[in-house]
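Work through the exercises below with the model open. Each task is followed by its solution.

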Amino acid sequence: MDTIIISVTGLGYVGLPLALEFAKHFMVIGFDINQSKVDMINSGSDPSNEIEDMSLNGLDITFTTDPSILSLANFHIIGVPTDINKDNSPNLNPLKAASTTIGNILKKGDIVVYESTVFPGCTEETCIPILEHCSSLKLNDDFKVGYSPERIVPGDKSRPLTQILKIVSGSDSNSAEKIRKVYETIIEAGTYLAPSIKVAESAKVIENTQRDLNISLINELSIIFDKMDIDTSEVVKAAATKWNFHPYYPGLVGGHCIGVDPYYLIYKAKELGIEPQVIAAGRRINNFIPSFIAEKLVKKLIEKDRSPSNCKVLLKGVTFKENVSDIRNSKVFDLINELKSFSLKVDVTDPYANPNEVSRTYDTDLKVDITDFYDAVIICVAHKEYLNLSPEYYKKILNIDGILFDIKGIYNEKDLKSLTYWKL
């Protein structure tokens, strides 16, 4: 492989930054099945809103929805989303479709690298057979495969792609070394060569599983401390004075990584005849939090002699985390459904989410102008636009003796003594 031409399949928050960085060194083909997304990128805008100043000037890059053009490349990267089905089983359809697309144009000598998060063994058990079937080629004899998990954190501008150490692996030692060298042209933080594809897959899936479990612990503790009238954030602050304590804070756990990846590990474990206990318990706790918050609010409304069916609630923030536009698997919508199950009237607003996407995906309309009075306001996401809102602001939109729920604990309770205030 003397002249490297790279294709990147999937132009989301993972694939697009990769394509742009590689285009500074190689000829790159960016492929996506979504024509509107490709049109948007060609006009100089990032559909994920992660790249603020996206310039294509001086880059040897082509963005397309035509799969035939992928045949020009000899180093193929697949970074399509991996979600879960309604029964929490892995949804591998996008990954299988991308493997089919690449398999149909695969040539002798090509290398295919997967970046999508999967369960250990998925690349070898699911993806490689598709590549072999569609291309009529044989792994390692005719083409090579690698796995290099994506590690981008949406919304974190302090750690761009080039500053995140990259795990790489290959179907044999030769391919692993070639893959490592290609990635090292753009990854300033360096690379870590995993001994096998399965190790690299496992490393990625446990990164988010570990975080899910840590948050589930603090979520469970927050439920206990709430019953004891103890401020969870103050407990964490006190405990964090010990040098080896790792601080985590309670909240809604959704998104396309932390709220999804543990299910991939659970799925594989069950396939092997193992019933995972700790991982499954963490998922149950984090999935319970929307119900806990809704029930807590209803109880507080009833304490104030208010009938939930006559109350109106405003939710501020619907994206899965702060300062991003991504609404995939956001648990805020679970909270909306829980509140509505108590006959509460619910309005939602968010400065980042796309109103059309919210309406299409969750059948929920975003409110732009807040002119109504509410019986309660729930801060669901710690967007920077909410951090400095004053008690006077909330007094203007809350009815007399209204309630402010601060799920993320972004406010100091001492500054809000004039309001009925609660935080998770």
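A contact means heavy atoms within 4.5 Å. This is a predicted model, in which local features need pLDDT of at least 70, side-chain atom pairs count only at pLDDT 80 or more, and totals for chains, interfaces and linings use all residues. Residues are numbered from 1 along each chain as its sequence is written, and side-chain values use heavy atoms, leaving out hydrogens and water.

**Exercise 1.** Find what share of the contacts with a separation of 6 or more joins residues 24 or more positions apart.

Solution. Take the contacts in the protein chain with a separation of 6 or more. Residues 24 or more positions apart account for 74% of them.

**Exercise 2.** Test the protein chain against the globule rule.

Solution. The rule is 2.2 Å times the number of residues to the power 0.38, with the radius of gyration taken over C-alpha atoms. For 424 residues, a compact globule would have a radius near 22 Å. The protein chain has 24 Å, which agrees. Its C-alpha atoms fill a box of roughly 75 × 50 × 40 Å along the principal axes.

**Exercise 3.** Explain why C122 and C257 form no disulfide.

Solution. A disulfide needs two cysteine sulfur atoms within 2.5 Å. Start with C122: the closest cysteine sulfur, in C127, is 4.5 Å away, so it is too far for a bond. Next, C257: its closest cysteine sulfur is in C122, at 16 Å, again too far. The whole structure has 0 disulfides.

**Exercise 4.** Classify C122 and C257 as buried or exposed.

Solution. Buried means under 20% relative accessible area, exposed over 50%, partly exposed in between (1.4 Å probe, protein chains only). C122, at 0%, is buried. C257, at 15%, is buried too. Of the 424 residues, 53% count as buried.
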